[in-house]
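Let's take a walk through this fold together. Keep the structure open beside you and follow along.

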Amino acid sequence: MAQTNYEWQQLALTKTPLAAQIAEQCDLPPLLAQLLVHRGCTSLAEAQQFLKPQLQMIKEPTALHDMAPAVDRLMQAIEAGELITVYGDYDADGITSTALMVETLETVGANVNYYVPDRFKDGYGPNQAAYQRLIEAGTQLILTVDNGVSGQEAIAYANSQGVDVVITDHHSLPAELPEAVAIVHPQYPGDEYPGGDLSGVGVAFKVAWALLEEFPTELLDLVAIGEIADVVSVAGENRALIALGLQQLRLGARIGLHELLALTNADEAYLTDQEVGFQLAPRLNALGRLQDANQGVELLTTLDEDRAKQLAQVVDDCNQKRQALVQEVTAAALALAQSPAQKDQPVLLLVGHGWHQGVLGIVASHVLQATGKPTIIASVNEGETVAKASGRSRAGFNLFDALDAHRDLLVAFGGHPLACGLSFEVVQTDALQAVLQAAATAQQFDGQTKPTLTLAGELTAQELTVDFYRQLQRLAPFGPENEQPVFLVRPQQIGAVQTMGKQQQHLKFTLPTPAGEVAVVAFNHADWAPALQAAMPELAVKLDLNRWRGQTSLQLLLEDQRTTGPVVEDARVSRLIAPMFAETAVYVTFNQQLRENLTGNAAGQVVSAHQAQTMDLTDQTVVIVDCPPDLATVTAIIQNAKTAAKLRWLCYSREPLHQAGMPNRQQFVALYQTIRQQAVNLNQMGSQLANYLRVNNEQLIFMIHVFLELRFVTIKGGVLAPVDEITRADLTQTMSYRQRAARLEVEQVLLTSSTAQLQHWVQQALAN
């Protein structure tokens, strides 16, 4: 059986009166109505609100801690003409936060500039040297967005210089908070924001709202990008913020985003949260990983079309370089993850030398996905002693808690339960690995278990339509607390599996449906090709839409696959040699003489067709050595081999018939007419007769056998002569004819077919 990446878990959806009411009143497929109920909708009104998020779902900014002193200090600076520096972060959430706040402050007449720290020179969050440069350049108030709560030293320095700092942040809070004028934070101790899993741009938006004293709809596009990029909860007000932000994005009002989207496969007018998450956000993140993230802020705020095009191309080029780096570092990290020192660790800490430090977080995500283990990827440059690192985790292991109590081992640290950034002296590597292992024990996390993949339901081929996809999109935006549904599909057959991509790292195949073929794409899983080709899989898929040259079609994104029967291995041969029988297996032969020859010379058992149809083949490798007399015989063996591990097909045929084929009716008629005209001495004229009929000797012998069986002819002393009186009969019903037809059918299916055709036929036989 093929290995899956996940443990599959089927949701227990039920047909309730409420689900039926939602399906009818909201014109929703029953499966999706049941899913809404499962996800917490307790009334029709709640379902309607879920399907159509409204502004009323978004809470007033005053609910956030320290909003009043933050706004007061900003207004004071605006009125006094003080230079306000918006100090951001280099990821997509930080870039959008910075752009949003700069636009807001400019709108209210502030004297404002911005600074996005350099990932490599400044690191994450407040940096004292950077603060010093800003203050020396005239900054009189620093406003942090998407950072700040871990910046005690830098903020203390600013205070010592008479410069106030207003913090807006959402990251996990350290035990000691900085001395800032205000800390606007949704998880401030004792004053937690109700239901507020806001990202940095979400917090910044609330500050902008408070400053403007009216709801800034035009800023929601930035909110949607930052919140999706930071993978925050999409329940409650975040659902409304993102949904309404996507509507704003589809208008194409922001020139820079419009130009950037033109370089992607996304359709701006129909932009989805998935396209933001996989097209826009990675491109913005790439700037901070490889270049200057300040260009991202300029891209989002510029009104110059030429500059927007230029910056969009810079961003896209940067993203392509990022993709190449990710592939290179991921390959090295995965090799390290399989080393003896790491393969038994529940949490991975992988340290490389010279790995590009801008892609460590993405690589950590890839390793996490491949191994199922929380992973920290670290890199140290030549001549340096401090490694920079990014970590990614999964449900069941809180990465932030694992490291928060051990800051003495770290140079810098910050993050969330599922993601963190840190740096540390390389000599502390072993100590940190021990800390992570101890944390796994304390949190009762087993790194050998697979993460869970929840299946929302099963879709039939009839349901794989663009219309169902559009209905599903009514449940979007998707993300934490409203995950994009994964569906089970059990195909009866699949098209040819092909690799694609620059490195042939992706897979693509098709499924037949009543509406036509549907493409299935598996990104970064070329390794699944053998399993998909060798056994009929069950597929765990997400639904997506492919738009190409004005045509719209459904496509499925393959999340995982598992086979439900034996692997079908095409090993067909034209001759048999000893090494083919070295593996311990069950060798099935249809020819008795061959069976006698193999007995004692093959590892495992050599059995007849009858034995193979009745014996226990569970977990066995079953080898079909030669060609069966008919398909029914081998089908019965296949049916009994459903629990086998592998079906290997040698299908040796000593004298295959397919090249000669079946003589046609005209040849039979010509033979009979020849015999009626004169008796034929086969010993003297057999070859001439075959040439005259345009058949070979084997075909001639077969035709004569058919006539003998019908009693149309006799043979005495080698002379073939007609019978005086014959009874009309159907030659296709003779035993000789039926046996030859059966052998030709066997050869067509088992000998002359392609590998894909053979595997499909076997899978069909297994499914029946």
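**An enclosed helix and its surroundings**

Of the 15 residues in helix H10, 12 are buried, so the helix is largely enclosed by the rest of the structure. Do keep in mind as you look that this is a predicted model. H10 covers residues 236–250 and reaches 22 Å from its first C-alpha to its last, close to the 21 Å expected at 1.5 Å a residue. Among its buried residues are Leu241, Ile242, Leu244, Leu246 and Leu249, but Glu237, Asn238, Arg239 and Gln248 are buried as well.

What covers the buried residues of H10? The cover includes helix H3 (44–51), H8, helix H9 (220–229), helix H11 (255–261) and helix H12 (273–290). Just after H10 you will come to glycine 252, which takes a positive phi of about 70 degrees.

H8 also leads us to the nonpolar cores. The largest one has 69 residues, and Ile84, Leu100 and Leu105 touch the most other members. Helix H8 (residues 200–212) gives the most to this core, with 8 residues. To see how one of these residues sits, pick out leucine 100: leaving aside its neighbours within four places in sequence, it is in contact with Val201, Ala204, Phe205, Ala208, Leu219, Leu222 and Val223. Apart from this core lies another, of 46 residues, and its members include Leu32, Leu459, Leu532 and Leu558.

Now move along to the sheets. In one open sheet, 5 strands follow the order S19-S23-S22-S20-S21, with parallel pairing. Strand S19 (567–570) and S21 stand at the edges with a single partner strand each, so one side of each is left without a neighbour in the sheet. From one strand to the next, the twist averages 20 degrees.

Strand S20 (residues 585–588) is a good place to pause. In general, the side chains of a regular strand alternate between the two faces of the sheet. Here Ala585 and Tyr587 point one way while Val586 and Val588 point the other, and all are buried. S20 pairs in the parallel sense with strand S21 (residues 604–607) over 4 bridges, and alanine 585 has glycine 604 of S21 as its bridge partner. How does the chain get from S20 to S21? Together with helix H20 (residues 592–598), these two strands make a right-handed β-α-β unit.

S20 also runs parallel to strand S22 (residues 621–626), joined to it by 3 bridges. There, valine 588 has isoleucine 624 of S22 as its bridge partner. Over at S19, parallel pairing with strand S23 (residues 646–652) takes 4 bridges, and valine 568 is matched with leucine 647 of S23 as its bridge partner.

Finally, turn to an open sheet of 3 strands, in the order S24-S26-S25, where the pairing is antiparallel. Its edges are strand S24 (680–681) and strand S25 (713–716), each with a single partner strand, so one side of each is left without a neighbour in the sheet. S25 runs antiparallel to strand S26 (residues 719–722) and is joined to it by 4 bridges; one bridge partnership is between isoleucine 715 and leucine 720 of S26. Which helix lies across S25 and S26? That is helix H25 (residues 697–710), running at about 110 degrees to S25.

Technical notes: Residues numbered from 1 in each chain as written. Predicted model: local features only at pLDDT ≥ 70, side-chain atom pairs only at ≥ 80, totals over all residues. Heavy atoms only, no water. Buried < 20%, exposed > 50% of the residue type's maximum accessible area, 1.4 Å probe, protein only. Pairing = 2+ DSSP bridges. Right-handed = clockwise from strand over helix to strand, strands pointing away. Core = buried A, V, L, I, M, F, W, Y, C linked by side-chain atoms within 4.5 Å. Contact = heavy atoms within 4.5 Å. Axes fitted to C-alpha atoms, helices over the stretch in contact; angles between N-to-C directions. Expected span 1.5 Å × (residues − 1).
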